Amino acid sequence: MNYNNIIAIIAAVLLSACTLKVPPYNADIGNVSKLKKATNEPLSLGKIESEKKLNKLSLRGSPLISSVGTSYGQYIENALQQELELAKLWSGVAKKQVSGKVIAQDIDISGFSDGSAFLKVNFIVSEEGATLYDKVITAEHNFDSSFMGSIAIPNGQRSYVELVQKLLSNLYSDKEFIASLK
């Protein structure tokens with residue numbers, strides 16, 4: 001191996017990005033309160049699907065992946081289950097079921113001082129084969145960022161938790177969703 005090959009290998013190792021994981025979801029107490037006020041009927045959870053291309057976000061070249069299972073759909077399922085359990089509404093055998101599909105998402109930390117993120121999920125509530133609710137819910141989140149990657153990347157990483165909290169808050173605030181639970 002000559003000198004140029006060694007330098008090329010070292011440069012490739014130094015330039016390769018590390019894979020990052022989204023922090024674990026923290027249930028939002030405000031969301032749990034909304035659920036408790038909305039209904040007292042138990043709900044089960046189906047799958048929140050997400051296509052392979054949506055399962056990896058990029059923060060300045062560093063891949064950001066879900067910390068739950070292998071997809072962001074599983075991350076959102078976990079978040080929903082946490083909040084349903086805290087509201088004492090989750091049941092694995094309940095007839096009404098919440099499922100869905102991640103349609104689009106992104107986190108942008110390219111700005112010098114501001115970052116932004118968005119998430120769109122099509123949620124479905126069904127009961128014994130009948131669809132009671134089928135609607136796309138969106139969430140947007142703005143956060144502090146920096147031109148320095150050492151600040152921007154962790155801020156972008158943490159922003160996903162708040163983005164999902166906002167998404168679920170928007171879901172629980174939707175009058176049609178609440179009506180489908182009763």
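## Two buried tyrosines

Y72 and Y160 are both buried. Keep in mind that this is a predicted model. The two rings sit with their centres 4.7 Å apart and their planes at 50 degrees, so this counts as a tilted pair. Y72 belongs to helix α3 and Y160 to helix α4, so the contact ties together parts that are 88 residues apart in sequence.

These two tyrosines also have ring company: Y25, Y72, Y75 and Y160 are linked into a cluster by ring pairs.

## A pair on the outside

Now for the other end of the burial scale. F112 and F147 make an aromatic pair too, and it is tilted, with 6.4 Å from centre to centre and 50 degrees between the planes. Here the partners come from loops: F112 from the one between β5 and β6, F147 from the one between β7 and α4. They are 35 residues apart, so to speak a link between distant parts of the chain. Both F112 and F147 are exposed. The full tally of aromatic pairs is six.

## The nonpolar core

Y160 turns up again in the largest nonpolar core, which has 46 residues; I76, F123 and Y160 are the members that touch the most others. At least two core residues come from each of α2 (29–38), β3 (56–59), α3 (72–86), β5 (96–108), β6 (114–127), β7 (130–144), α4 (149–173) and α5 (175–181). Which helix gives the largest share of this core? That would be α4, with ten residues.

Terms used:
Residues numbered from 1 in each chain as written. Predicted model: local features only at pLDDT ≥ 70, side-chain atom pairs only at ≥ 80, totals over all residues. Heavy atoms only, no water. Core = buried A, V, L, I, M, F, W, Y, C linked by side-chain atoms within 4.5 Å. Buried < 20%, exposed > 50% of the residue type's maximum accessible area, 1.4 Å probe, protein only. Helix = DSSP H or I, 4+ residues; strand = E, 2+ residues; numbered from the N terminus. Phe/Tyr/Trp six-rings, centres within 6.5 Å; stacked < 30°, edge-to-face > 60°.
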